[in-house]
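Welcome! Here is a short briefing to help you find your way around the structure shown below. Take a moment to look it over, and then read on.

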Amino acid sequence: MGPVTLSASAGKVVFATDIAIWTVDILHFSGNPKLQVSSQEGVITVSLRQARFPGTGIPADFTAVCFKDDDQQRWLMDLSFAWGGFTARVDLENWLNGVDLAQSTLLGIE
């Protein structure tokens, strides 16, 4: 992935840069979480299903689709959560490093 690395094992995926790490581990969720990571033709898809944020009934299910931009220079990520209709596209490295925010309209509220 260039400056962003991805490693996956059973029930866990880690995105990392020199500065930041985003870890998705099914042990950190309630429900019956299932994590799936797939790679096809340069597109990496990470999806979490049947998961809830601990101590709540709020679904934590999401899909992150990572792919190179048109110039093949930067990794982009389309992130969507089932709850609230959250969808955002971000530069993956910038988002991991806290430079870019993943922003979306939730439940029709700006």
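Ser-47, setting aside neighbours within four places in sequence, is in contact with Lys-34, Leu-35, Gln-36, Phe-62 and Thr-63. Ser-47 sits in strand E5, and please keep in mind that what you see is a predicted model. Ser-47 counts as buried because its relative accessible area, 9%, falls under the 20% cut-off.

**More on strand E5 and the loop before it**

- Strand E5 covers residues 43-52, and a loop joins strand E4, residues 30-40, to this strand.
- Glu-41 is the residue to look for in that loop.
- Is Glu-41 buried or exposed? Glu-41 is exposed, with a relative accessible area of 77%.
- The backbone of Glu-41 has a positive phi of about 50°, although Glu-41 is not a glycine.
- For background, most residues other than glycine have a negative phi.
- Gln-50, which is not a glycine either, has a positive phi of about 55°.
- Gln-50 belongs to strand E5, and with a relative accessible area of 46% it is partly exposed.

**Asp-78 in strand E7**

- Strand E7 spans residues 75-81, and Asp-78 is part of it.
- Asp-78 counts as partly exposed, at 26% relative accessibility.
- Which residues does Asp-78 touch, leaving aside neighbours within four places in sequence? Asp-78 is in contact with Thr-63, Ala-64, Val-65, Phe-67, Ala-88 and Arg-89.
- Thr-63 is thus a name to remember, as it is among the contacts of Asp-78 and also among those of Ser-47.
- From Asp-78 you can also look across to Leu-27, 51 residues away along the chain: their C-alpha atoms are separated by 24 Å.

**The hairpin of E1 and E2**

- Strand E1, residues 5-9, pairs with strand E2, residues 12-16, in the antiparallel sense.
- How many bridges hold this pairing? The two strands pair over five bridges.
- You can find one partner for yourself: Ala-8 has Val-13 in E2 as its bridge partner.
- Two residues lie between the strands of this hairpin, and Gly-11 takes a positive phi near 75° there.

**The whole chain**

- The chain contains eight strands and one helix.
- Starting at the N terminus, the order of elements is β-β-β-β-β-β-β-β-α, so that the helix follows the strands.
- How does the radius of gyration of the chain, 14 Å, fit with a compact globule? A compact globule of 110 residues would have a value near 13 Å, which agrees with the chain.
- Along the principal axes, a box of roughly 40 × 35 × 25 Å is filled by the C-alpha atoms.
- Among contacts with a separation of 6 or more, 22% are between residues 24 or more positions apart.

**Surface and charge**

- Buried residues make up 34% of the 110 in the chain.
- The accessible surface comes to about 6,600 Å², and carbon and sulfur atoms account for 52% of that surface.
- Side chains with a charge include 7 positive and 12 negative ones.
- How far apart do the centres of these two sets lie? The centres of the positive and negative sets are 11 Å apart.

Methods. Residues numbered from 1 in each chain as written. Predicted model: local features only at pLDDT ≥ 70, side-chain atom pairs only at ≥ 80, totals over all residues. Heavy atoms only, no water. Helix = DSSP H or I, 4+ residues; strand = E, 2+ residues; numbered from the N terminus. Rg over C-alpha atoms; globule rule 2.2 N^0.38 Å. Buried < 20%, exposed > 50% of the residue type's maximum accessible area, 1.4 Å probe, protein only. Contact = heavy atoms within 4.5 Å. Areas by Shrake-Rupley, 256 points an atom, 1.4 Å probe, with all protein chains shown as cover. Lys, Arg positive; Asp, Glu negative; His and termini not counted. Charge placed at Lys NZ, Arg CZ, Asp CG, Glu CD. Pairing = 2+ DSSP bridges.
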